[in-house]
Number of protein chains: 2
Amino acid sequence: MPRFFIDYTPEVGGEAIIEGADARHIGGALRMTAGEALTLCDGKGTDYACTITAVEKERVTLAVDAATPSVSEPSLAVTLYMGLPKGDKMELIIQKAVELGVTAIVPVATARCIVKLDGKDAAKKQARWQKIAAEAAGQSGRGIIPTVSLPISWKEALVRFRTEQTLLCYEGGGQPIGTFVTPADTAVSLVVGPEGGFDPAEVEAVLQAGGNIATLGPRILRCETAPLAAIAVLMENSGNMV
Amino acid sequence: MPRFFIDYTPEVGGEAIIEGADARHIGGALRMTAGEALTLCDGKGTDYACTITAVEKERVTLAVDAATPSVSEPSLAVTLYMGLPKGDKMELIIQKAVELGVTAIVPVATARCIVKLDGKDAAKKQARWQKIAAEAAGQSGRGIIPTVSLPISWKEALVRFRTEQTLLCYEGGGQPIGTFVTPADTAVSLVVGPEGGFDPAEVEAVLQAGGNIATLGPRILRCETAPLAAIAVLMENSGNMV
C-alpha cells in the first residue's frame with residue numbers, strides 16, 4: 001500500500017490533507033481515486049490507515065481511519081558515522097542504510113578522505129542526501145525519516161564517541177561486529193572509513209574515547225559495502241530481522 | 001599486497017610467470033619492480049607468497065617463496081539464485097556478493113522478471129558478470145573466483161532446490177534468515193526475487209521442493225539490497241565474520 005510521510009499529527013476519525021508533489025503523485029502516476037486506501041506516516045513512528053475521499057490536482061483529502069505504531073522501526077538506533085567517500089557512493093550508502101534500518105547518518109571528514117565538502121557545497125549535498133533518505137524511507141516502509149546531517153570534522157566526531165557506544169569497523173583487526181550487540185541494546189554508533197580506511201592514529205583515538213574496534217571478517221569490503229554488511233549484522237543480532 | 005589469480009599451480013621454490021594484462025598492470029599502474037612482494041592465488045584456495053625477479057612489458061617473473069591456504073574463504077558455500085533484475089543492478093549485486101563471500105551466482109528467470117535474456121545476449125552478459133566477479137574477488141582478497149553461470153529457468157532452479165538446502169527470501173513472511181545456519185553448515189542456496197518479488201506459486205513450489213521461506217525483517221528491501229543483507233547475516237551466523 002502506498003505510504004506518505006506528513007509533518008503533522010492527524011486525528012483519528014478526522015480528515016487529513018496531502019498537498020503538492022505527493023498529491024500530484026497520488027492522482028498522477030499512482031492514478032488513485034476516492035475510496036482507495038493509503039497509509040500516512042507522521043515520521044515519529046505512528047502509521048495512519050486512511051481512505052481517500054477526494055483527489056484534486058494539488059490536494060488529496062483523506063479520512064483517517066486508525067492509528068497504529070509503525071511495525072518497521074528497529075529497537076536498535078544505529079547512527080552511521082561515514083568517512084566521506086568519492087563520487088556518488090554516499091548516495092548508495094544512504095539509500096541502502098535507510099532500507100536496512102539506520103536511524104541517522106553523519107558524514108565525517110576523516111584523515112584519508114579525498115573529498116572535501118564545505119559551506120554551500122556541503123549544504124547542497126546534505127539537502128540531496130536527505131531527499132534520498134526520505135525516498136528510501138517511504139519505499140522501505142520506515143516509520144521515521146532517518147536524518148542525514150551536514151559533514152562534521154573528525155574532532156567533532158570524537159567528542160560524540162566519548163558518550164556513545166561506538167564501533168569502528170577496521171580492516172586491521174578487532175572483535176567480530178556481531179559480538180557487540182544483543183536485543184537489550186538500544187543505540188550504537190557505527191564508524192566506517194572512506195576508500196583508504198582509517199589512519200592508525202584514528203583507530204587509537206577511538207579506543208582512547210572508549211570506543212571498540214570491530215572486524216567484518218577476512219574479506220576486504222569496499223567502503224560502501226562495509227556499512228551495509230555491518231548494519232545488517234547489527235539488526236540481526238539485536239533481534240530486528242524477524 | 002597486490003594479489004593476482006593464476007590458472008595453474010606453481011611450485012614452491014620454483015618460478016612463476018604472469019603475462020598479458022596483469023603483467024602490464026604490475027609494471028604500469030602499480031610500478032612494481034624486482035625485489036617487491038606480491039601474492040599469487042590459484043583460485044582453488046591456496047595463496048603463494050612471491051618475490052618479483054624481473055618485470056618486462058608483457059611478462060613478470062617471480063620466485064615462489066611459500067604456499068599458504070587462503071584465509072579469506074568462508075566455511076559456508078553460499079549459492080545465490082538471483083531473479084534477473086532490471087538495468088545494471090546485477091552488476092552491483094555480483095560485486096558486493098563476491099566481496100561478502102558468495103561462492104556461486106546463478107541468475108534465474110522468475111515469473112516477475114521484466115528482463116529476458118537468451119542466446120547471444122545471455123552469453124555476453126554472463127561473460128561481463130564473470131569479469132566483475134573476478135575483479136571483486138581480487139580486490140576483496142578471495143581465495144577463489146566465484147562463478148556466475150548463464151541464466152537458468154525457474155523450472156531448472158526448482159530441480160536443484162530439491163537437493164540443496166534452500167532459503168527463499170520472502171516479503172510475505174517466513175522464519176528469520178539468521179535461524180537457518182550455524183557454524184556446522186557447509187552449504188546453502190539463497191533465493192532472491194527481482195523487483196516485483198516472488199509469485200505466491202513460486203513460494204509454494206520452493207516449499208514443495210523441501211526449501212524454507214526466510215524473512216529479512218519488516219523493512220522492505222530493494223531487490224539488490226536483499227541478497228547483500230542476507231549474505232552478511234549468513235556469514236555472521238555461520239562464524240565467517242571473525
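## An exposed arginine with positive phi

With 9 C-beta neighbours inside 10 Å, B:Arg31 counts as exposed, because the cut-off for exposed is 12 or fewer. This is a predicted model. B:Arg31 sits in the loop between α1 and β3 of chain B. Its phi is near 50 degrees, a positive value in a residue other than glycine. Most residues other than glycine have a negative phi.

Chain A has its own Arg31. A:Arg31 is found in the loop that links α1 to β3 of chain A. Phi of A:Arg31 is near 50 degrees, and thus positive in a non-glycine residue. Is A:Arg31 buried or exposed? A:Arg31 is exposed, since 9 other C-beta atoms lie within 10 Å.

## The sheet in chain B

Chain B holds an open sheet of five strands. Their order is β1-β3-β4-β5-β2, and the pairing is mixed. Which strands stand at the edges? They are β1 (3–5) and β2 (15–19) of chain B. Each has a single partner strand, so one side of each is left without a neighbour in the sheet. Neighbouring strands are turned by 40 degrees against each other on average, direction ignored.

The edge strand β1(B) pairs with strand β3 (residues 37–41) of chain B. The sense is parallel, and the pairing runs over three bridges. B:Arg3 has B:Thr39 of β3(B) as its bridge partner. Helix α1 (residues 20–27) of chain B packs on the sheet. This helix touches β1, β2, β4 (46–55) and β5 (59–69) of chain B. The direction of α1(B) makes about 95 degrees with that of β2(B).

## The sheet in chain A

In chain A, five strands form an open sheet with mixed pairing. The order reads β1-β3-β4-β5-β2. At the edges stand β1 (3–5) and β2 (15–19) of chain A. Each of these has a single partner strand, so one side of each lacks a neighbour in the sheet. The twist averages 40 degrees from one strand to the next.

Inside this sheet, strand β3 (residues 37–41) and strand β4 (residues 46–55) of chain A pair in the antiparallel sense. Five bridges join them. A:Ala37 stands opposite A:Thr51 in β4(A). Helix α1 (residues 20–27) of chain A lies across β1, β2, β4 and β5 (59–69) of chain A. That helix runs at about 95 degrees to β2(A).

## Two domains in chain A

Chain A is divided into domain 1 (3–69) and domain 2 (77–237). The centres of domain 1 and domain 2 of chain A, taken over C-alpha atoms, are 33 Å apart. Their contact takes eight residues from domain 1 and six residues from domain 2 of chain A. Which element gives the largest share of the domain 1 side? It is β1(A), with three residues. By type, the domain 1 side that touches domain 2 of chain A divides into three nonpolar, two polar and three charged residues.

## A covered strand: β12 of chain A

Strand β12 (residues 187–192) of chain A is mostly covered. Five of its six residues are buried. Strand β6 (residues 77–83) of chain A runs parallel to β12(A), with six bridges between them. In this pair, A:Thr79 stands opposite A:Ser189. Strand β10 (residues 166–169) of chain A also runs parallel to β12(A), joined by three bridges. Here A:Leu168 stands opposite A:Val191.

## How the two chains meet

The contact between the chains takes 31 residues from chain A and 31 residues from chain B. Three elements give two or more residues to the chain A side: α2 (89–100), α3 (119–140) and α6 (225–237) of chain A. The largest share of that side, seven residues, comes from α6(A). By type, the chain A side that touches chain B divides into 15 nonpolar, ten polar and six charged residues.

How are the copies related? Chain A can be laid on chain B with an RMSD of 0.0 Å. The operation is a turn of 180 degrees and a shift of 0.0 Å along the axis. The two copies are therefore related as by a two-fold rotation axis. Which C-alpha of chain A is nearest the axis? That of A:Val233, 2.8 Å from it. The same surface serves both copies, as 100% of the contact residues of chain A recur in chain B.

Conventions
Residues are numbered from 1 along each chain as its sequence is written. Chains are lettered from A and ligands numbered from 1 in the order in which they are written. This is a predicted model: local features need pLDDT of at least 70, side-chain atom pairs count only at pLDDT 80 or more; totals for chains, interfaces and linings use all residues. Two residues are in contact if their C-beta atoms, placed from the backbone, lie within 7 Å. Helices (H or I, at least four residues) and strands (E, at least two) are DSSP runs, numbered from the N terminus. Ala, Val, Leu, Ile, Met, Phe, Trp, Tyr, Cys and Pro count as nonpolar, Asp, Glu, Lys and Arg as charged, and the others, Gly among them, as polar. Two strands pair if DSSP finds at least two bridges between them. Axes are lines fitted to C-alpha atoms, for helices over the stretch in contact, and angles run from 0 to 180 degrees between N-to-C directions. Copies are superposed by least squares on the C-alpha atoms of residues with pLDDT of at least 70 in both. Domain bounds come from an automatic or database domain assignment. A residue is buried if 20 or more other C-beta atoms lie within 10 Å of its own, exposed if 12 or fewer, and partly exposed in between; C-beta atoms are placed from the backbone.
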